[in-house]
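Hi,

Here is the structure I promised to pass on to you. Have a look at it first, and then read on for what turned up when I went through it.

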Amino acid sequence: MKLPLNMLAHMRAATRNLMGQGPAAATEAIQQALAAAGLAPQAASTQQQPPQAMRDINQPPAPPPAQARAEQPAAAPEAAPVPPTPAQAAQDFAQDFMARLGVPVGLGQHSFDMPSFEMPNFHPPGFNAPAATPAQMPAGAQFIDGVYRNHAGTRSYKLYIPSSYHGQAMPLIVMLHGCTQNPDDFAAGTQMNALAEEKECFVVYPAQTQGANSSRCWNWFNAIDQQRDQGEPSLIAGITRQVIDDYPVNEREVFVAGLSAGGAMAVIVGTLYPDLFAAVGVHSGLPFASAKDLPSALAAMKGGAMPNAQRQAPAGGVPIIVFHGDRDTTVNPRNGDELIAQGVRSQAGGKAAKAASMDGSVPNGHRYTRTTHSQADGSPLGEHWVIHGAGHAWSGGSGDGSYTDGKGPDASREMLRFFKTVS
């Protein structure tokens with residue numbers, strides 16, 4: 001669906017009117033926004049109820065009718081309905097509008113009277129695992145806190161140092177979490193720390209703040225956050241360099257990977273800093289510069305980022321490995337197709353790349369199609385893993401973290417294997 005550029009202006013006008021001139025003016029503005037988007041307006045006097053399939057898994061189910069009647073006290077006289085406050089009415093209008101756009105209820109539950117829109121939560125409600133519990137670390141391993149500051153702000157991070165570290169140079173993996181996640185959760189779900197023990201590497205997990213995005217999404221859709229030495233790319237690159245300065249990192253083996261919003265940001269960082277990162281891993285993400293604002297972000301997520309001459313990644317790109325479930329209803333799988341195509345053609349020799357595909361399956365798990373892209377001499381340029389039947393979740397991850405699918409294949413292990421081949 002093509003989203004009109006004036007959509008946000010209508011929404012902000014609705015909220016301003018509701019706070020000032022009253023609900024009637026807001027209703028008119030909302031109807032204008034819906035009409036501009038080509039959507040039938042609905043009565044805004046009642047709040048939309050989420051369909052059963054989209055309810056949060058953490059919300060307790062309604063009791064059976066008999067049980068509910070047994071547990072409820074005698075009915076009291078029904079109180080007169082309390083009119084919604086202006087703020088609540090504004091939120092009801094906003095939620096209805098987002099529902100009309102096809103965004104699941106529960107996404108983007110942020111105030112609409114802010115100077116600029118915040119990105120809705122990338123992850124579907126009802127798919128959030130219980131909060132991660134700290135995993136037991138091997139004797140001698142460390143998972144330490146750090147902070148980095150520059151002109152763009154401050155971000156904390158956690159660095160995993162495996163027990164096998166005794167002063168030797170090792171690779172560094174930079175892991176960018178998805179929306180609503182944090183370093184501990186992402187580490188538990190991807191099991192990257194356990195692999196760091198096995199493969200002997202450092203892993204650093206930058207943390208997005210709620211101040212920067214209330215759902216802790218990396219702001220991949222902001223123009224300022226798609227520029228070298230600006231915004232969040234400068235913070236992530238700065239964290240990476242700080243770890244390199246503090247520890248004996250093998251600078252030819254520095255890689256960045258991420259999930260969802262983190263995957264989209266990993267693409268941006270890897271594209272802007274090919275001198276720093278040797279390869280990029282992306283799970284359920286989007287191509288470089290897929291969006292410049294909320295409407296274009298929603299369009300890319302819902303319909304898939306389409307090839308665009310103005311969105312070509314700069315030349316001199318780095319090898320890339322992409323994972324995407326073909327049942328992903330949060331980020332359209334077409335984004336994975338365009339992402340690998342964009343990543344391959346940005347590299348030297350990419351236009352003449354050879355592609356080869358093979359089908360496989362995980363015992364008692366998902367089937368997948370793996371397509372490799374390489375130069376004429378066999379040098380790897382990229383890999384694209386389409387996981388059949390999988391949704392918006394880290395493939396092969398642990399249930400100790402959120403947004404994981406344990407049916408495999410193991411995206412973490414395959415990313416490290418790919419990184420090793422291109423370093």
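Of the contacts in the chain with a separation of 6 or more, 68% are between residues 24 or more positions apart. Please keep in mind as you read that this is a predicted model. The chain has 423 residues, and 51% of them count as buried. Its secondary structure consists of 11 helices and 12 strands. As for the outside, the accessible surface is about 19100 Å², and carbon and sulfur atoms contribute 53% of that.

Let me start with a pair of helices. Helix α7 covers residues 231-246 and helix α8 covers residues 261-272; their axes lie 10 Å apart and make an angle of about 75 degrees. Angles of 65 to 115 degrees count as roughly perpendicular, so that is how α7 and α8 are arranged relative to each other. Which residues meet there? From α7 come Glu 232, Pro 233 and Ile 236, and from α8 come Met 265, Ile 268, Val 269 and Leu 272. By type, that contact is made up of 6 nonpolar residues and 1 charged residue, with no polar ones.

Next, have a look at the stretch of strands β8, β9 and β10. Strand β8 (residues 354-361) pairs with strand β9 (residues 367-374) in the antiparallel sense, over 8 bridges. One of the pairings puts Lys 354 with Ser 374, its bridge partner in β9. The two strands form a hairpin with 5 residues between them, and Asn 364 in the turn has a positive phi of about 60 degrees.

β9 also pairs with strand β10 (residues 380-388), again antiparallel and over 8 bridges. Here Thr 369 stands opposite Val 386 in β10. This hairpin has 5 residues between its strands too, and Gly 378 takes a positive phi near 95 degrees.

Finally, a single residue that you may like to click on: Gly 281, which sits in strand β6 (residues 279-283). Is Gly 281 buried or exposed? Its relative accessibility is 0%, so Gly 281 counts as buried. Leaving aside residues up to four places away in sequence, Gly 281 touches Val 256, Ala 257, Gly 258, Ala 266, Ile 321, Met 415 and Phe 419. One of these, Ala 266, falls within the residue range of helix α8. There is also a link across the sequence: Gly 281 and Glu 414 are 133 residues apart along the chain, yet 9.7 Å separates their C-alpha atoms.

Happy to go through any of this with you.

Best wishes

Definitions and conventions: Residues numbered from 1 in each chain as written. Predicted model: local features only at pLDDT ≥ 70, side-chain atom pairs only at ≥ 80, totals over all residues. Heavy atoms only, no water. Helix = DSSP H or I, 4+ residues; strand = E, 2+ residues; numbered from the N terminus. Buried < 20%, exposed > 50% of the residue type's maximum accessible area, 1.4 Å probe, protein only. Contact = heavy atoms within 4.5 Å. Areas by Shrake-Rupley, 256 points an atom, 1.4 Å probe, with all protein chains shown as cover. Axes fitted to C-alpha atoms, helices over the stretch in contact; angles between N-to-C directions. Parallel < 35°, antiparallel > 145°, perpendicular 65-115°, else oblique. Nonpolar A, V, L, I, M, F, W, Y, C, P; charged D, E, K, R; others polar. Pairing = 2+ DSSP bridges.
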